[in-house]
Amino acid sequence: MEEPARGPRKKTVVAVVGGGLVGSLNACFFAKRGFDVEVFEIREDIRQAKIVRGRSINLALSHRGRQALKHVGMEEKVVSQGIPMNARMIHSISGKQSPIPYGKKGQYILSVDRANLNKELLTAAEAYPNTKLNFDHKLQDWSAETGQMTFVRLDGSKEHIKADLIVGCDGAFSAVRKQFLRRSRFNYSQTYIPHGYMELTMLPINGEFAMKPNYLHIWPRNTFMMIALPNLDKTFTCTLFMPFDDFEKITTEDEVIKFFQEYFPDTIPLIGVDTLKRDYFRLPAQAMVSVKCSPHHINDKCVLMGDAAHAVVPFYGQGMNAGFEDCIVFDEIMNQFNEDLSAVLPEYSRVRVPDDHAIADLAMYNYIEMRAHVNSKWFLFRKQVDSI
Ligand code: FAD
């Protein structure tokens, strides 16, 4: 773990709201600068929790995410706990498998466990003596004038805490962002796509992965698709992306099997008939939202990063990666403007908003690419780096 910057302790108090992936990484970036960092997270400490709820079980870590982890000395550790995926593996209905490499030989993206990554980042943040993690703290409201935040605890009590800088890393439905919406000249749009997603587990067979592990498996079926990413315990997490209307048409166990027989027949023996019948109805399909906004800051008081600033649909595999990159970009601008927040925050919005919007657009584009274009012959000859 890297030491915080030496020299007299700075008085600037940075409140990072949200101890998810981007918030916990961001806490490391601010702590490294020597600021007093407080992280406020609505959930209990996931390192002690029995069940960890998140937006997906695993995710693809790519170059831009790794670069950010490297800045805080976490890259090697996280990479050692990931599974390299060198190529997409396209499954046709007949069961034929065709690999499409992500880039040149040796290039790969990594399948990482979301909960584990979050735990590692929280532990990394906590290792800085100038960082405090506060769990069971739900941000209710805050003032852009004074920097005072109101948190509600599970027992109903309230806490009022002041910070010099509030960093909103509280995800797609950000409470920090609500204050932005009350202000003039704040642009905001949110779009729910017609598709939902559902996760299914493919267990190991005879103690081994049920499919080749070093691939991101894709079953593109034009209007819908399934993907599968490997996990360290030799399971795969399969994610079915499909219009809600289609999810709703499947109401019985027999219909689930019929649907899989028609579109994903090669997966039935691998997932198992009983597991499929059970898991399909375990949880309802989850919605996916794309959020764009600008600017990403208010004065010198508050900045949004990660999904709070730019929730993207997951088809480009870049939501977390772009959020991690936000941390590097902010850090570089802090250096450039000597930590003068009144100059840093506007510059961050100026530089970052167009790139975050571009990622959101690319993710929407890949929404069609992955489920439809990937089927076409020309795609099979094309190389595309750094997207899922
Ligand atoms: P979150 O992970 O949402 O964390 C926000 C945190 O804030 C949470 O811990 C939450 O509890 C806390 N919080 C919320 N409200 C409050 C409040 N009021 N007060 C205090 N705390 C609060 N990205 C990739 O890069 N690669 C992938 O392969 C990938 N796959 C995905 C697959 C799926 C199915 C989905 C849905 C997303 C995927 N993503 C992927 C996107 C990725 O999950 C997000 O971009 C990433 O989680 C964003 O991190 P975040 O910290 O900004 O937000």
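Where is Asp136 found in this predicted model? Asp136 is in the loop that runs between E8 and strand E9 (138-142), and the first view starts there.

**View 1. Asp136 is a residue with positive phi in the loop between E8 and E9.** Zoom in on the backbone here: phi of Asp136 is near 50°, a positive value in a residue that is not glycine. Is Asp136 buried or exposed? Its relative accessible area is 19%, and the limit for buried is under 20%, so Asp136 counts as buried.

**View 2. Glu339 also has a positive phi without being a glycine.** Here phi is about 65°. Glu339 belongs to the loop that connects helix H11 (319-336) with helix H12 (341-371). With a relative accessibility of 22%, Glu339 is classed as partly exposed.

**View 3. Six strands make up an open sheet with mixed pairing.** Reading across the sheet, the order is E8-E2-E1-E12-E19-E18. Strand E8 (131-134) and strand E18 (297-298) are the edge strands, each pairing on one side only. Look next at the E8 side, where strand E2 (residues 36-40) and E8 run in the parallel sense and share four bridges. Within this pairing, Val39 sits opposite Leu133 of E8. As a reading aid for such views, side chains in a regular strand alternate between the two faces of the sheet.

**View 4. A cis peptide bond links Ser294 and Pro295.** Omega for this bond is about -5°. Pro295 is placed in the loop between strand E17 (286-294) and E18. That same E18 is an edge strand of the sheet in View 3.

**View 5. Strands E10 and E11 form an antiparallel hairpin.** Strand E10 (residues 148-152) pairs with E11 over five bridges. One residue to pick out is Phe151, whose bridge partner in E11 is Glu159. Five residues lie between the two strands, and in this hairpin Gly156 adopts a positive phi near 95°. How many of the five residues of strand E11 (residues 158-162) are buried? The number is zero, so E11 lies largely in the open.

**View 6. The largest nonpolar core has 49 residues.** Which residues touch the most other members of this core? They are Leu25, Phe30, Leu165, Val167, Phe324 and Phe330. Val167 is a handy residue to centre on: with neighbours within four places in sequence set aside, it contacts Val14, Ala15, Val16, Val17, Asn26, Phe30, Val303 and Met305. A second core of 27 residues is separate, and its members include Ile257, Ile268, Ile271 and Ala285.

**View 7. Aromatic pairs number 19 in the structure.** Take Phe186 and Tyr188: their ring centres are 6.4 Å apart and their planes meet at 25°, so this pair is stacked. Phe186 counts as buried at 14% relative accessibility, whereas Tyr188, at 28%, counts as partly exposed. Tyr197 and Phe241 make a tilted pair, with 6.2 Å from centre to centre and 40° between the planes. This pair brings together distant parts of the chain, as Tyr197 is in strand E13 (residues 187-202) and Phe241 is in strand E16 (residues 236-243), 44 residues apart. Tyr197 is buried at 12% relative accessibility, and Phe241 is buried at 6%. Elsewhere, Phe224, Phe259, Phe260, Tyr263 and Phe264 come together as one aromatic cluster.

**View 8. The ligand has 30 residues around it.** Which of them come nearest? Glu41, Ala60, Arg114, Leu139 and Asp307 do. For Glu41, an N or O atom in the side chain lies 2.6 Å from an oxygen atom of the ligand. Backbone atoms take part too: an N or O atom in the backbone of Met320 is 2.9 Å from a ligand oxygen. For Gly319, the distance from a backbone N or O atom to an oxygen atom of the ligand is 3.3 Å.

Conventions. Residues numbered from 1 in each chain as written. Predicted model: local features only at pLDDT ≥ 70, side-chain atom pairs only at ≥ 80, totals over all residues. Heavy atoms only, no water. Buried < 20%, exposed > 50% of the residue type's maximum accessible area, 1.4 Å probe, protein only. Pairing = 2+ DSSP bridges. Core = buried A, V, L, I, M, F, W, Y, C linked by side-chain atoms within 4.5 Å. Contact = heavy atoms within 4.5 Å. Phe/Tyr/Trp six-rings, centres within 6.5 Å; stacked < 30°, edge-to-face > 60°. Near = heavy atom within 4 Å. Polar contact = N/O pair within 3.5 Å; in protein donor to acceptor, adjacent residues only side chain to side chain.
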